[in-house]
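Visitor: I have a two-chain model open and would like to talk through its folds and the contact between them. Could you guide me?

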Amino acid sequence: MTTLIVIDQAPYGSWSGREGLDMAFSLAAFDQSCALLFNGAGVNWLRTGQQPDGLGQKSVAQNLGAAAIFGVEALYADAQACQRYGLANDAIIAGVTLIAPDQTFMTGFEKVTFAG
Amino acid sequence: MADISLQTYTVVITGAPYSSQAPQTALDFARAAVAAGHQIDRVFLYGDGVHIASALICPPSDEPHWPRLWSEFLAEHQIPAVACVASALRRGLIDSGEQQRYELSAHNIRAPFEIAGLGEWVEAGTCSKIIYFHSGA
């Protein structure tokens, strides 16, 4: 019965990922099971050492830190996308599970959605 | 061909009018669904989709007026429509309540749209099929 929210846009240049995160937090706040999947350029959300101060934006990695507290069940990342964007395992924030978003993985979710 | 059983849909629109086709495609879907006997239980505007609820959009007279066309469709079929409050406030879509709360000079929500929280979307997910119309970016 889990809803998977997919974030596939790089952070900071687009607001859709933040709105995806809000969807996940809302589901969790209403006790609905949900998880997040980062794929494509969205895996850059998971990079350690983000310094968005120069942009005047809040760190998305920090926003994401609240996911477990809100009750988001899991953070998944497409392992291949991480490789493509040069995200070595030690450059990924804690608590992320690397997966291949294939049919077997996706069919484990009742619903899959994007913020836009 | 098997009959398609009648469904209840929630329409979510995240693409803005005039910068994406999402509101137009969503309206075409909604009209076709209603014509075929399906129910639309609500329309939820999220992200840039909240601009559909603006009372101040003035396209040139030879272009479709998507906010007005949506309003007319919603009123005709008595379908409730909600713009996400967080998305709406960020983008300057304000109802009279938010105008007072933030001491703003105006409000600009087009009837019958209302402003509400993401809880409306969460609730929709528990009782109907949600169909999303994104900008495709």
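Visitor: What radius of gyration does chain A have, and why does that agree with a compact globule?
Guide: Happy to start there, and please keep in mind that this is a predicted model. Chain A has 116 residues, and a compact globule with that many would come out near 13 Å. The value for chain A agrees with that expectation, because it is 13 Å.

Visitor: How does chain B compare with a compact globule, and what is its radius of gyration?
Guide: For the 137 residues of chain B, the globule rule gives a radius near 14 Å. Along the principal axes, the C-alpha atoms of chain B fill a box of roughly 55 × 40 × 30 Å. The radius of gyration of chain B agrees with the rule, at 15 Å.

Visitor: What box do the C-alpha atoms of chain A fill?
Guide: The box is taken along the principal axes of the chain. For chain A it comes to roughly 40 × 30 × 25 Å.

Visitor: In which order do the elements of chain A run?
Guide: Chain A has five helices and five strands. Reading from the N terminus, a strand opens the chain and a strand closes it. The full order is β-α-β-α-α-β-α-β-α-β.

Visitor: And in which order do the elements of chain B run?
Guide: Chain B comes to five helices and five strands. Starting at the N terminus, its order is β-α-β-α-β-α-α-β-α-β.

Visitor: What share of the contacts in chain A join residues at least 24 apart?
Guide: The count takes in contacts between residues at least 6 apart in sequence. As for packing, 38% of the 116 residues of chain A count as buried. The share of those contacts that join residues at least 24 apart is 72%.

Visitor: What is the corresponding share in chain B, for residues 24 or more positions apart?
Guide: In chain B, 38% of the 137 residues count as buried. Among its contacts with a separation of 6 or more, residues 24 or more positions apart account for 77%.

Visitor: Which element gives the most to the side of chain A that touches chain B?
Guide: The contact takes 14 residues from chain A and 14 residues from chain B. On the chain A side, α1 (16-29) and β5 (111-114) each supply at least two residues. That side divides into five nonpolar, six polar and three charged residues. With six residues, the element that gives the most is α1(A).

Visitor: What ipTM does the predictor give the complex?
Guide: For chain B, the pLDDT averages 95, and 96% of the residues score at least 70. The complex has a pTM of 0.93 and an ipTM of 0.89.

Notes: Residues numbered from 1 in each chain as written. Chains lettered and ligands numbered in written order. Predicted model: local features only at pLDDT ≥ 70, side-chain atom pairs only at ≥ 80, totals over all residues. pLDDT = per-residue confidence, 0-100. Helix = DSSP H or I, 4+ residues; strand = E, 2+ residues; numbered from the N terminus. Rg over C-alpha atoms; globule rule 2.2 N^0.38 Å. Buried ≥ 20, exposed ≤ 12 C-beta atoms within 10 Å, placed from the backbone. Contact = placed C-beta atoms within 7 Å. Nonpolar A, V, L, I, M, F, W, Y, C, P; charged D, E, K, R; others polar.
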